Amino acid sequence: MYLPGLGGYPLRGWDEAIYATAARYALERGDYLVPHLYWLASNGEIVYEPFLEKPPLSMWLMTLSMGVFGPSEFAARLPQALAATAVAPVLYLGTRSLLGRRRATIAGGLWLTTTFVATGNNAARFGGTDALHTLFGTVFVFTVWRLVSTQSVTEANGGLSRPHHRPRAAFWAVGVAAGITLLIKGFAAGSFVIAVLPLALVRWHVFARHWQATLELIGITISIAVPWVLLAYLRYGETLVNELIREQVLARATGDLVETSFETTFAFMRFPYFRELPAQFDPWIYFLFPAVIWSIWYGVYRGDDSRVTTDGWLLWWGVSTVGVFVLTGNHGWYLLPAFVPGALLVAGLFDDALAGRLGALAGVAAGATLLLLYSFRLAGISPVASAKPAIPVTDGVPFVVLTALGTAAVCLYGAYTHTDSVLTAPAAAQGVLNSRLSRVLLGLVLVVGGVAVVGTSANTAGASYNEQGAFALALNEQLDSGEPVYLTPTATEQLALFTFGFYIDAPLATTPETPPDDGYLVAVEPAPDTVTPPAVAGGAEAAVAVAVELPDGRVLVAYDLGAVSRSP
């Protein structure tokens with residue numbers, strides 16, 4: 001679903017170009033163990049140094065991808081695209097025995113068609129860490145959930161339940177998932193630990209009874225996550241502590257790392273999470289409130305304690321994830337893991353609606369009404385719809401038609417399956433409706449509808465990323481092997497040149513005090529009519545090699561220091 005067009009647009013400077021450049025250098029220069037980058041040091045010099053702000057697993061996977069497909073946008077984004085796609089089968093496999101096959105299948109479809117999953121930065125169509133982080137964090141949560149659920153059943157049956165004679169493998173699976181999640185994004189994995197905390201506290205006896213397997217779980221987690229940290233610490237010492245812990249955890253959590261430029265709901269927030277969340281989890285967020293209300297009512301009314309407990313824990317998972325990053329985060333993509341329990345909750349509403357439960361059918365109708373009133377996809381049609389962000393998704397009249405058809409299909413099918421339904425069908429029609437072919441056709445319709453909801457490949461307009469990529473590729477055509485490229489202080493201060501750094505085939509450095517007589521000098525000029533070539537050896541002016549005008553009117557220009565301009 002996410003692969004078409006995946007390599008059709010330049011890398012964004014934040015954050016995918018950073019990770020992709022580190023992966024490219026690992027492949028080309030052999031810096032596999034500790035990724036390296038050209039980085040602007042505190043003294044203003046551009047230096048080639050280790051990138052220690054994140055654990056390396058996501059960059060290792062990018063390096064592997066580039067080793068197979070070559071250094072390209074497609075290769076940089078492929079691990080994230082596959083990870084985001086893999087969350088759907090993980091949802092199915094992890095919950096089918098606990099929630100039912102249909103609900104598990106629906107949840108996977110809802111995840112795949114969530115707006116931010118398909119179009120958001122650091123999600124399915126961008127290189128980075130967060131889709132991978134969500135995938136393995138979700139595996140961790142589901143392995144814990146299945147572990148405590150199945151072991152509790154086994155203990156209740158006196159340990160005679162056949163599938164659980166060997167619980168140790170389940171503990172090992174938890175440890176592997178935890179270690180991998182830590183090796184992708186470090187302390188951010190703590191949100192998944194908080195998610196499973198109620199399960200661990202309520203079913204503590206599972207871990208106490210199998211204390212040896214619990215110790216093995218911890219040992220496996222440490223053996224996967226810690227060796228790289230120890231090796232990096234032995235090599236770089238306090239630098240690792242400063243970058244990985246003080247800057248990326250403590251400073252980010254306290255707000256000392258960056259100052260917010262957003263208008264937020266509360267003063268302590270550094271990103272407008274509450275304002276952005278409806279667009280991020282669109283279109284399914286409008287079904288979330290009816291789903292929660294229905295789940296509570298159904299569980300209490302039917303006396304189904306397991307339903308109340310399960311959906312209550314899913315709600316905790318989602319709310320605790322949002323809460324953690326509302327308090328400590330400053331980027332929208334941190335909420336990506338919260339869309340997994342959100343999808344499961346909404347899937348419960350659709351599942352019950354398809355089963356003919358009238359309250360769930362009413363909830364689906366209510367959710368569709370809210371969607372058609374408030375979704376950004378209806379901007380310009382509904383007077384109360386939110387403003388549409390610059391993302392390429394299906395909207396307007398086509399989306400209204402899709403929503404109406406989908407809601408009608410769910411409600412009609414649910415009304416048909418309801419035990420007291422007034423809708424009947426001839427025996428031959430019932431045979432078709434209940435056949436395997438009808439389920440296959442329904443699946444194909446859902447896939448086509450999902451692709452329509454998701455829309456086209458991601459848009460990267462803004463921030464000069466397209467121009468940086470084109471500029472670097474044009475400059476590559478003039479570079480000799482090993483010829484350096486110098487960056488002026490103005491260029492490094494005014495632009496995040498990470499996209500340029502990925503595409504350029506040359507070592508980078510800051511402008512030396514003595515003008516060099518070889519290489520290229522990259523500068524940012526205020527306007528086309530202010531381009532002033534620098535003086536080179538002998539007092540002549542350098543020649544303009546490449547110049548690209550940025551969207552804001554500034555000019556990104558490369559001067560050939562080894563050639564003399566013939567024009568004034």
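**Group meeting: rings, a helix face and two valines**

Trp 317 is at 0% relative accessibility, so it counts as buried. That residue is my way in. Bear in mind that this is a predicted model.

Aromatics next. How many aromatic pairs does a search of the whole structure find? The search returns 25. Trp 317 is in one of them, with Phe 142 as its partner. The geometry is edge-to-face. Centre to centre, the two rings are 5.9 Å apart, and their planes make an angle of 90°. Now look at where the partners sit. Phe 142 belongs to helix H6, residues 130-156. Trp 317 belongs to helix H14, residues 305-328. The two are 175 residues apart, so this pair links distant parts of the chain. Is Phe 142 buried or exposed? Its relative accessibility is 3%, under the 20% cut-off, so Phe 142 counts as buried.

A second pair: Phe 281 and Phe 339. This one is stacked, with 5.2 Å between centres and 5° between planes. It also links distant parts of the chain, 58 residues apart. Phe 281 is in the loop between helix H12 (273-280) and helix H13 (285-301). Phe 339 is in helix H15. Both Phe 281 and Phe 339 are buried.

Rings also group. Tyr 19, Trp 39, Phe 51 and Phe 498 are joined into a cluster by ring pairs.

Then the arginines. Arg 24 puts its charged end over the ring of Phe 502, 5.8 Å from the centre. Arg 29 does likewise over the ring of Tyr 25, at 4.5 Å from the centre.

Now helix H17. It covers residues 396-417, 22 residues in total. At 1.5 Å a residue, the expected span is 32 Å. The end C-alpha atoms are 32 Å apart, so expectation and model agree. Which residues of H17 are buried? They are Gly 396, Phe 399, Thr 403, Thr 407, Val 410 and Gly 414. Look down the axis: the buried residues fall within an arc of 65°, so they line one face of the helix. Val 397, Leu 405 and Leu 412 are on the other side, and they are exposed. What covers the buried residues? The cover includes helix H15 (339-354) and helix H16 (358-374).

On to the annotation. An unreviewed UniProt entry lists several spans as "transmembrane region", including 169-202, 214-234 and 397-416. Take two of them against the model. Residues 214-234 are 100% helix and 0% strand, with end C-alpha atoms 29 Å apart. Residues 169-202 are 88% helix and 0% strand, and there the end C-alpha atoms are 21 Å apart.

Last, two valines. Val 196 is in helix H8, residues 190-202. At 6% relative accessibility, Val 196 counts as buried. What does it touch, leaving out residues up to four places away in sequence? Val 196 touches Phe 140, Val 141, Val 144 and Trp 313. Trp 313 is 117 residues from Val 196 along the chain, yet their C-alpha atoms are separated by 8.6 Å.

Val 206 is in helix H9, residues 204-209. It is at 0% relative accessibility, so Val 206 counts as buried. Its C-alpha atom is separated by 6.4 Å from that of Val 148, and the two residues are 58 apart along the chain.

Terms used. Residues numbered from 1 in each chain as written. Predicted model: local features only at pLDDT ≥ 70, side-chain atom pairs only at ≥ 80, totals over all residues. Heavy atoms only, no water. Helix = DSSP H or I, 4+ residues; strand = E, 2+ residues; numbered from the N terminus. Expected span 1.5 Å × (residues − 1). Buried < 20%, exposed > 50% of the residue type's maximum accessible area, 1.4 Å probe, protein only. Arc of directions from axis to C-beta. Contact = heavy atoms within 4.5 Å. UniProt positions renumbered as here; feature names shortened; annotations may be inferred. Phe/Tyr/Trp six-rings, centres within 6.5 Å; stacked < 30°, edge-to-face > 60°. Lys NZ or Arg CZ within 6 Å of the ring centre and 35° of its normal.
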